[in-house]
Amino acid sequence: MDSFLEHNSKQASQAEPTIEVIKTWDADELLEWIQQNRPKLLKGDKLEKFKAEDISGDVLVDHAGDVKFFKNKCKLPIGTSERLADLASEIAGGETASMVQKGKEQDTSTGKSTDHTPLLFSLH
């Protein structure tokens, strides 16, 4: 029973690392965590490209929401790039790339999504 609890608490700590912990990870540690928590994200050619870029935890966090970094610098497909940018945003506690592209932000004080699309008419 103790080993079961230890295993589950180890899994929980791996699934929810703090941003400070993630920033200390080297490329191998980050990749291991991504493969455990998002096993379908990096496979085949995408995995090889990600490995070649030697992206550590601090680099991932520094590029939270930055789809262009993963697309242009890492030469990853747009879908993978957006998912990595979103993952980095989740880790950093910010808005995700897909939310930015849709013109919406997350109001962290209320937990509600707000739409910042311009109004097409005036109430005056």
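Is Asp54 buried or exposed? With a relative accessibility of 54%, Asp54 counts as exposed, because the cut-off for that label is over 50%. Keep in mind that the model you're looking at is predicted.

**The overall picture**

Let's step back to the whole chain. The protein chain has eight helices and two strands. If you read along the sequence, the pattern goes α-α-α-α-α-α-α-α-β-β. The chain has 124 residues, and 28% of them count as buried. Now take the contacts between residues at least 6 apart in sequence: 43% of these join residues at least 24 apart.

**A pair of packed helices**

Two packed helices are described by the angle between their axes and the distance between the axes. Try that on helix H3 (residues 27-37) and helix H4 (residues 44-53): they pack at an angle of about 155°, and their axes are 11 Å apart. Angles over 145 degrees count as roughly antiparallel, so H3 is roughly antiparallel to H4. The crossing of H3 with H4 is right-handed.

Which residues do the touching? On the H3 side you'll find Leu30, Leu31, Ile34 and Gln35, and they meet Leu47, Phe50 and Lys51 of H4. Sorted by class, this contact has five nonpolar residues, one polar and one charged.

**Helix H7**

Next stop: helix H7, which covers residues 78-92. Here's a nice check you can follow yourself. At 1.5 Å a residue, its 15 residues should span 21 Å, and the end C-alpha atoms are indeed 21 Å apart, so the two values agree. Quite a list of H7 residues is buried, including Leu84, Ala85, Leu87, Ala88 and Ile91. Thr80, Ser81, Asp86 and Ser89 of H7 are buried too.

**Positive phi angles**

Now for some backbone angles. Just after H7 comes Gly93, with a positive phi of about 80°. Asp54 and Lys75 have positive phi values as well, although Asp54 is not a glycine and neither is Lys75. Here are those two side by side:

| Residue | Phi | Place | Relative accessible area |
|---|---|---|---|
| Asp54 | about 55° | loop between H4 and helix H5 (57-62) | 54% |
| Lys75 | about 60° | loop between helix H6 (67-73) and H7 | 54% |

So what about Lys75: buried or exposed? Lys75 is exposed, because its relative accessible area of 54% is over the 50% cut-off. Lys75 sits in the loop that leads from H6 to H7, while Asp54 sits in the loop between H4 and H5.

Definitions and conventions:
Residues numbered from 1 in each chain as written. Predicted model: local features only at pLDDT ≥ 70, side-chain atom pairs only at ≥ 80, totals over all residues. Heavy atoms only, no water. Axes fitted to C-alpha atoms, helices over the stretch in contact; angles between N-to-C directions. Helix = DSSP H or I, 4+ residues; strand = E, 2+ residues; numbered from the N terminus. Parallel < 35°, antiparallel > 145°, perpendicular 65-115°, else oblique. Left-handed = near helix turned anticlockwise from the far one by under 90°. Contact = heavy atoms within 4.5 Å. Nonpolar A, V, L, I, M, F, W, Y, C, P; charged D, E, K, R; others polar. Expected span 1.5 Å × (residues − 1). Buried < 20%, exposed > 50% of the residue type's maximum accessible area, 1.4 Å probe, protein only.
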